[in-house]
Amino acid sequence: QGLSSGITCLEPCEELGRVFAGTCEGRVLVFTCDRSFPVIRWLRQSEDVSAVTCLHCDWEQGLLAVGTQDGYLHLYGLPSFRHVGSVNVSRLLPESELLGSVPISHLRLLAGAAPLCLTVDTHS
């Protein structure tokens with residue numbers, strides 16, 4: 001039995017020597033870049049078990065951003081992998097009343113005075 005029934009996205013972080021894999025079960029598997037790529041940890045939020053749709057690692061800001069099928073954005077600190085916050089982005093979007101949850105299809109953390117997250121939704 002494997003760690004997941006399906007990998008949905010990958011995000012390498014060269015500075016940390018890790019590869020992050022999002023799963024259809026809502027977990028993020030953390031692999032080292034050692035020869036056999038062992039899994040050293042997995043991340044998951046109990047309130048959101050929807051599939052991980054996208055990942056972005058920003059070593060300079062010390063954050064890993066995780067987007068999900070149900071429209072959540074989860075942030076984890078690097079290198080500790082501590083959960084630092086979650087936002088249900090789909091509830092903030094105007095179309096959420098009509099469509100329900102809106103998946104996060106793409107995201108990027110942008111450097112600035114405070115971290116800024118750019119997401120892609122149906123009105124983008």
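This report walks through the fold, sheets, core and cysteines of one predicted model.

## Overall layout

The chain has 124 residues, and 45% of them count as buried. It holds 2 helices and 10 strands. Read from the N terminus, the order of elements is β-β-β-β-β-β-β-β-α-α-β-β. Eight strands therefore come before the helices, and two strands follow them, by the DSSP runs used here.

The accessible surface is about 7,100 Å². Carbon and sulfur atoms account for 53% of that surface. What about contacts along the chain? Take those between residues at least 6 apart in sequence: 36% of them join residues at least 24 apart.

## The sheet of β1 to β4

One open sheet has 4 strands, in the order β1-β2-β3-β4. Its pairing is antiparallel. Which strands lie at the edges? They are β1 and β4 (39–43), and each pairs on one side only. From one strand to the next, the twist averages 20°.

Look at β3 and β4 for a sample of the pairing. These two strands run antiparallel and are joined by 4 bridges. Within this sheet, Val 30 stands opposite Arg 41 in β4.

## The sheet of β5 to β8

Another open sheet also has 4 strands, in the order β5-β6-β7-β8. Again the pairing is antiparallel. The edge strands are β5 and β8 (83–88), each with pairing on one side only. Neighbouring strands here are turned by 15° against each other on average, with direction ignored.

Start with β5 and β6. They run antiparallel, and 6 bridges join them. Two facing pairs show the register. Cys 57 stands opposite Leu 64 in β6, and Cys 54 stands opposite Gly 67 in β6. The two strands form a hairpin with 4 residues between them. In this hairpin, Gly 62 takes a positive phi near 70°.

Now move on to β6 and β7. Strand β7 covers residues 72–77, and 5 bridges pair it with β6 in the antiparallel sense. Leu 63 stands opposite Gly 77 in β7, while Val 66 stands opposite His 74 in β7. This hairpin has 3 residues between its strands. Gly 71, in the turn, has a positive phi of about 90°.

## Two covered strands

How many residues of β6 are buried? The count is 6 of 6, so the strand is mostly covered, with buried meaning under 20% relative accessible area. In a regular strand, side chains alternate between the two faces of the sheet. The strand β6 shows two sets of residues. Leu 63, Ala 65 and Gly 67 point one way. Leu 64, Val 66 and Thr 68 point the other way. All of these residues are buried.

The strand β5 is also well covered. Because 6 of its 7 residues are buried, β5 is largely enclosed by the rest of the structure.

## The nonpolar cores

Nonpolar side chains tend to be buried together in soluble globular proteins. Here the largest nonpolar core has 15 residues. Which members touch the most other members? They are Phe 20, Val 28 and Leu 64. The elements giving two or more residues to this core are β1 (7–13), β3 (28–32), β5 (52–58) and β6 (63–68). The largest share, 3 residues, comes from β5.

A second, separate core has 8 residues, including Leu 63, Ala 65, Leu 73 and Val 89.

Leu 64 deserves a closer look. Set aside its neighbours within four places in sequence. Leu 64 is then in contact with residues that include Phe 20, Val 28, Leu 43, His 56, Cys 57 and Tyr 76.

## The cysteines

A disulfide is a covalent bond between the sulfur atoms of two cysteines. How many disulfides does the whole structure hold? A search finds 0. Cys 57 is in none, and its nearest cysteine sulfur, that of Cys 13, is 3.1 Å away. Why is that pair not counted? The cut-off is 2.5 Å between the sulfur atoms, and the 3.1 Å distance does not meet it.

Is Cys 57 buried or exposed? Its relative accessibility is 10%, so Cys 57 counts as buried. Cys 24 has a relative accessible area of 34%, so it is partly exposed.

Conventions:
Residues numbered from 1 in each chain as written. Predicted model: local features only at pLDDT ≥ 70, side-chain atom pairs only at ≥ 80, totals over all residues. Heavy atoms only, no water. Core = buried A, V, L, I, M, F, W, Y, C linked by side-chain atoms within 4.5 Å. Buried < 20%, exposed > 50% of the residue type's maximum accessible area, 1.4 Å probe, protein only. Contact = heavy atoms within 4.5 Å. Areas by Shrake-Rupley, 256 points an atom, 1.4 Å probe, with all protein chains shown as cover. Pairing = 2+ DSSP bridges. Axes fitted to C-alpha atoms, helices over the stretch in contact; angles between N-to-C directions.
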